[in-house]
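Work through these short exercises with the model in view. Try each task before you read its solution.

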Amino acid sequence: MVDFSAQYRLIGARIAYFRKLKRYTQEELAFRASISTSYLSRIERGIYSKGVPISIYINANK
């Protein structure tokens, strides 16, 4: 099994960077993305749910 933890942390850091660049709070971005604030926080910290492919995050970033 491949460990994608470094990629998840990088993606999370990029999401946090662009969120802050747009001056959105986590609550605002989570609302816009139709996810919970706690889930967005986990994504930004690189903590992912097992079974959720990395392509989900990549496609959401386009």
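**Exercise 1. Place Y48: decide how exposed Y48 is, then locate it.**

Step 1. Y48 has a relative accessible area of 29%. Buried means under 20%, and exposed means over 50%. Y48 is therefore partly exposed.

Step 2. Y48 sits in the loop between α3 and α4.

Step 3. Now look for S5. Y48 and S5 lie 43 residues apart in sequence. From C-alpha to C-alpha, they are 8.3 Å apart in space.

**Exercise 2. Find out where the model is most and least confident.**

Step 1. This is a predicted model. The protein's mean pLDDT is 82. A pLDDT of 70 or more is reached by 76% of its residues.

Step 2. Confidence is highest in helix α2, residues 26-33, with a mean of 93. Confidence is lowest in helix α4, residues 54-60, with a mean of 53.

**Exercise 3. Compare the span of α1 with its expected span, then work out how its buried residues are arranged.**

Step 1. Helix α1 runs over residues 5-21, which is 17 residues. From first C-alpha to last, α1 reaches 24 Å. That is close to the 24 Å expected at 1.5 Å a residue.

Step 2. List the buried residues of α1: S5, Y8, I11, G12, I15, A16 and R19.

Step 3. Look down the axis of α1. The buried residues fall within an arc of 135 degrees, so they line one face of the helix.

Step 4. Turn to the face of α1 directed away from the buried side. The exposed residues L10, Y17 and L21 are found there.

Step 5. Move just past α1. There R23 takes a positive phi of about 60 degrees.

**Exercise 4. Classify the packing of α1 and α3.**

Step 1. The axes of α1 and α3 are 7 Å apart, and the helices pack at an angle of about 120 degrees.

Step 2. Angles of 65 to 115 degrees count as roughly perpendicular, and over 145 as roughly antiparallel. α1 and α3 are therefore oblique to each other.

Step 3. Name the contacts. From α1 come Y8, G12, A13, I15, A16 and R19. They meet L40, I43 and E44 in α3.

**Exercise 5. Do likewise for α2 and α3.**

Step 1. The axes of α2 and α3 come within 9 Å and cross at roughly 105 degrees.

Step 2. That makes α2 roughly perpendicular to α3.

Step 3. Q26, E27, L29 and A30 of α2 make the contact with T37, L40, S41 and E44 of α3.

Conventions. Residues are numbered from 1 along each chain as its sequence is written. This is a predicted model: local features need pLDDT of at least 70, side-chain atom pairs count only at pLDDT 80 or more; totals for chains, interfaces and linings use all residues. Side-chain values use heavy atoms; hydrogens and water are left out. pLDDT is the predictor's confidence in each residue, from 0 to 100. Helices (H or I, at least four residues) and strands (E, at least two) are DSSP runs, numbered from the N terminus. The expected span of a helix is 1.5 Å times one less than its number of residues. Buried means under 20% relative accessible area, exposed over 50%, partly exposed in between (1.4 Å probe, protein chains only). The arc is that of the directions from the helix axis to the C-beta atoms. Axes are lines fitted to C-alpha atoms, for helices over the stretch in contact, and angles run from 0 to 180 degrees between N-to-C directions. Angles under 35 degrees count as roughly parallel, over 145 as roughly antiparallel, 65 to 115 as roughly perpendicular and the rest as oblique. Contact means heavy atoms within 4.5 Å.
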